[in-house]
Each structure stands twice: as C-alpha cells, then as structure tokens.
Amino acid sequence: MTRRISMTRLAALALLGAIAMPATAAAQGNASAAATAMGGNYTALARNFNAVAWNPANLGLDGNSRFSLGLSPQLGMGMGPITLSDLNDYAGVVVPQSVREQWMQKVTDNAGQDLGGDLHVTPLALSIGRFAFSATTTVRADGNLPPGVAELLLFGNAGRTGIPQDYQLRDLALDGNATTTFGLAYGRKVPLVPIGDLALGVTGKYMLGHGAASMRDNGSTITSNPVAVELDAPMVVTDTAEWVNGRGFGFDVGATWQLGNLRTSAVVHDIVSTFKWDTDNLYYLPVRASFDANNSSSEVDSLLPLSSAPQDVQALLTGRIEAAKVKPMLALGVAWTGIKRLTLAADLRQRFGEGIELGPQTQIGLGAELKLIPFVPLRAGVTSYGDAMRYSGGLGLEFGVFNLQAAAMLTNADGRSDTGFGLTMSFGGR
C-alpha cells in the first residue's frame, strides 16, 4: 500500500545536514553550557543534574546541591570545506572565478562537501540529593555531497574548464535519526579505598527512536552530450505515521575518586543497551529525477513499501537502519582545583564502533574555569577529535540559587569551520 510521507519530518532530517557538533555526552546528550564552554571535558566535574549525562558517580560526592533544576538547548551550524563564513563573505555579489576555483579544489581534496552534526534539547533536568533525572531529545545527521554536485553548483554544466563534463554521483549519501532519552542516575560514596573518597554511580536510560532515514546513490549521473541529469538516490525511512519507531533500555556505570584537590573519574556509557529500530515497517522513497533539454520528470513525493525496492537497495538501506544502534563509550576524566579560583579538567573519550552516534569515535581535550569575579566564571576548552579541533569558551552568572551559563564554540577540520552556542538556565546548582 502506498503511503504519503510527512514532508515536514523528512525535511527536518535533511536540513540537519547544516548542524555542527556541540559537545555531547553519549546518547544521553548534554544539558550543560558550562560543559560545552570547557570543550566537553566534564567527566570529573559534572554535578547535580549534569551528572546524568556525564558521570552518575559524582552525585555521591560532596558539593552537590540538595535540589537543582536546569533547562538547556545546545545548538550549532556549519558545513565544510566550503563554510558558512565563506558564503557570507560573498553575500549578494557574484563569486569571482578564482574564489570558486579555490572552493572547488577544497571540495575535491576532501572528496566532497561534508554535512553533519547533532542537536540536543533538554527541556527538563533535575536532581534531588543523590538522584538526578533528565530528558533529552537529540537529532543527528551525517552526509556527503560529491564533488560533481559542487562543481555543477559552482560552475554550471560547463564545469571548471568551460567544457561540458560527465559526472557520476556515487558518493551522494545522507543518514539521520531522532531520539529522546530519559535518564535516572544515582551515586553514593563507598568505603573501598583507604585514602580519599570513592563514589560509584549508575544511570538507567530509556530511549525512544522517533525516526531514522538513510539515502545512498544508486547510479546518478550528469551527462554533457546530451545535457541531462539522472538522479537516482533511494532513501529508506522508518514509519513517518508513527512517533515511536524504536525503543530500548541502557545503562551507564561510573566511578570517581577524590583526594584533596584532585579528582579522577571513569565511566562506561551504554555498557548495556537493548535499543533497536523497528525494521518491520520501513518505507522506500525512490528520489528519482530526470532532466534534459526537452523534458523533465521526478518521483520524490510518495512512500512505498520497502518490498517494492530492488533487492540490492533493500539490503543496503535496511542494513543502514539496523546498524544505527547504541555503542558503548569509555570516558576518562581528571580535574584539579589546586589553585584558588582556577579549575583544570581533561577528558579522553573512546566510542567502540559506529552506530547511532554519527560523530567521531575518539576525542581528547583540556578545559579550564577561572573565577576572577566569584559569581562570573570564565571558561575555555580545546578538544581534538580525528582531524578536527574544537575551540570553546563561555561565561556564567551565578547569583545564589539562580544560574545562567552561556557557551560558544568553533570547530576547524580540514578547512571546515563550524560555529555553535549553548545556553543553560538553572536553579539550585549548575
């Protein structure tokens, strides 16, 4: 039976190709602009409602508020290697040939124009004593526009040389998913070490999968003689008529040892996860289009049962959805407060395998917080992941029980420049 797709939901997944990567804390997301400002180096520092995402063991240590409540969006925008800043420099004017040549060379060297990132929104996060709860909705996307598409957009069908070219768009790809995760954390001290304080903690999570989509090229071409475009990029999507298309439980376990001004932490996020997508009701969007000098046709506005797709397409796209699972991640953190008004922290994070998280698997970073004015903390961080560097900064306003944190970030990766920001308003603790 043919079904109509909700184009609003599908467009939302596609548009997320322009969202960059804020500092995240595994599938649970990040409710702390303070953590973002410090480059995501927060495993040993997170307290109160932030401990759900970063380290539940910290709830068992001194320094937590009896009650805290926070609300936070973490947003970002970017693309590369042609960046939003590049486009903004030539807003409203014709881009010179030499500049387009430079842009095209960047795209060629990068094997395409990258699209990808994630968005986290935490409408509710709270802690009461040693317990904490948060609910975070996350949307992720990762894709690639092949050099042929970039050349067509920058130079038209005549190409860089002025001589019409033929292109194959074999690297055209897009993956996206949207989930909501509810997390409940608990931490407490345990008398297992002779010196210092040791705390252990656990976070239980329940994840709902709202939607997932995967697109892959299936032989799209642009030909010069005759001039024609043949687009064949089938997409598989979960049931757009349903708000829940996947579910499962997961657990994080963490430990923190504190001795004086030194704190060290270790967390395994999603050490167990039963989350999986419902693949019994997948639908197929052909995404075909044909244009030539005389006529054009397209087929992109209706969903078909996946069984109507060619067998090889069914296998490829179904496999992409099934592979979008939650993978374990190890986080190691250390924090030091040995200098008055200065806090230093470092994190090493390693995710084991590709899955529902579409970002880099390894990251290492250093963050700092300085309180020249006691109620205005200044924060900065630098984080390396893969071939990219992320620079973060921000400040807070802390007036007793009311706290407002702000953060900004810039990511540089092979000429790619992404920007983003985060805000957190909290009561009772940050």
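# Close-up views of a predicted model

**Figure 1. K189 pairs with two acidic side chains.** K189 forms a salt bridge with D197, with the closest N and O atoms 3.8 Å apart. This is a predicted model. A salt bridge also joins the side chains of D62 and K189, at 3.4 Å from N to O. That second pair links distant parts of the chain, 127 residues apart. D62 sits in the loop between α3 (51-54) and β1 (67-79), and K189 is in strand β5. D62 is exposed, because its relative accessible area is 55%. K189 counts as partly exposed, at 31% relative accessibility. D197 is partly exposed too, with a relative accessible area of 30%. Ten salt bridges are counted in the model. Side chains of opposite charge can pair when their charged atoms come close.

**Figure 2. Four charged residues form a network.** Salt bridges link E369, K371, R379 and E398. Within this network, K371 and E398 form a salt bridge whose closest N and O atoms are 3.6 Å apart. This pair links distant parts of the chain: K371 lies in strand β19 and E398 in strand β21, 27 residues apart. K371 is partly exposed, with a relative accessible area of 22%. E398 has a relative accessible area of 14%, so it is buried.

**Figure 3. E369 and its surroundings.** E369 is found in strand β19 (residues 362-373). Buried or exposed, at 6% relative accessibility? E369 counts as buried, because 6% is under the 20% cut-off. Its side chain and that of R379 are joined by a polar contact of 2.8 Å. Neighbours within four places in sequence aside, E369 is in contact with M38, R341, L342, T343, P377, L378, R379 and R430.

**Figure 4. A nonpolar patch lies on the surface.** Its members are L71, L370, L372, I373, F375, L378, L395, L397, F399, L404, M425 and F427. Together they have about 970 Å² of accessible area. The elements that give two or more residues to the patch are β19, β21 (388-399) and β23 (416-427). L372 is one of the patch residues, and its place is in strand β19. L372 counts as exposed, because its relative accessibility of 57% is over the 50% cut-off.

**Figure 5. T179 is buried in strand β5.** The place of T179 is in β5 (residues 173-190). At 0% relative accessibility, T179 counts as buried. Which side chain makes a polar contact with the side chain of T179? That partner is R140, at 3.2 Å. T179 and H210 are 31 residues apart along the chain, yet their C-alpha atoms are separated by 5.4 Å. Leaving aside neighbours within four places in sequence, the contacts of T179 include T136, T137, T138, R140, M207 and L208. G209, H210, W277 and I356 are also among them.

**Figure 6. T138 meets H120 through side chains.** T138 lies in strand β3 (residues 131-145). With a relative accessible area of 0%, T138 is buried. Its side chain makes a polar contact of 2.9 Å with the side chain of H120. T138 is also one of the residues in contact with T179.

**Figure 7. The largest nonpolar core.** This core has 16 residues. Those with the most contacts inside it are V236, F275, W277, Y284, L306, I321 and I356. Two elements, β6 (197-216) and α7 (311-322), give two or more residues to the core. Helix α7 gives the most, with three residues. F275 touches M207, L208, G209, G246, R247, G248, F249, A324, K325, V326 and I356, residues up to four places away in sequence not counted. In soluble globular proteins, nonpolar side chains tend to be buried together.

**Figure 8. Helix α6 and its cover.** Helix α6 spans residues 147-155. Its buried residues are G148, V149, A150, E151, L154 and F155. What covers them includes α5 (97-109) and β4 (167-168).

**Figure 9. The whole chain, for orientation.** The protein chain has seven helices and 23 strands. Of its 430 residues, 50% count as buried. Among contacts with a separation of 6 or more, 67% are between residues 24 or more positions apart. The accessible surface comes to about 18,900 Å². Carbon and sulfur atoms account for 62% of that surface.

Terms used: Residues are numbered from 1 along each chain as its sequence is written. This is a predicted model: local features need pLDDT of at least 70, side-chain atom pairs count only at pLDDT 80 or more; totals for chains, interfaces and linings use all residues. Side-chain values use heavy atoms; hydrogens and water are left out. A nonpolar core is a set of buried Ala, Val, Leu, Ile, Met, Phe, Trp, Tyr and Cys residues joined through side-chain atoms within 4.5 Å. Buried means under 20% relative accessible area, exposed over 50%, partly exposed in between (1.4 Å probe, protein chains only). Helices (H or I, at least four residues) and strands (E, at least two) are DSSP runs, numbered from the N terminus. Contact means heavy atoms within 4.5 Å. A polar contact is a pair of N or O atoms within 3.5 Å; within protein, one must be able to donate a hydrogen and the other to accept it, and residues adjacent in sequence count only if both atoms are side-chain atoms. Patches are made of residues with over 30% relative accessible area and no salt bridge: like charges are joined within 9 Å, nonpolar side chains (Val, Leu, Ile, Met, Phe, Trp, Tyr) within 5 Å. Accessible areas come from the Shrake-Rupley method with a 1.4 Å probe; for residues, only the protein chains shown count as cover.
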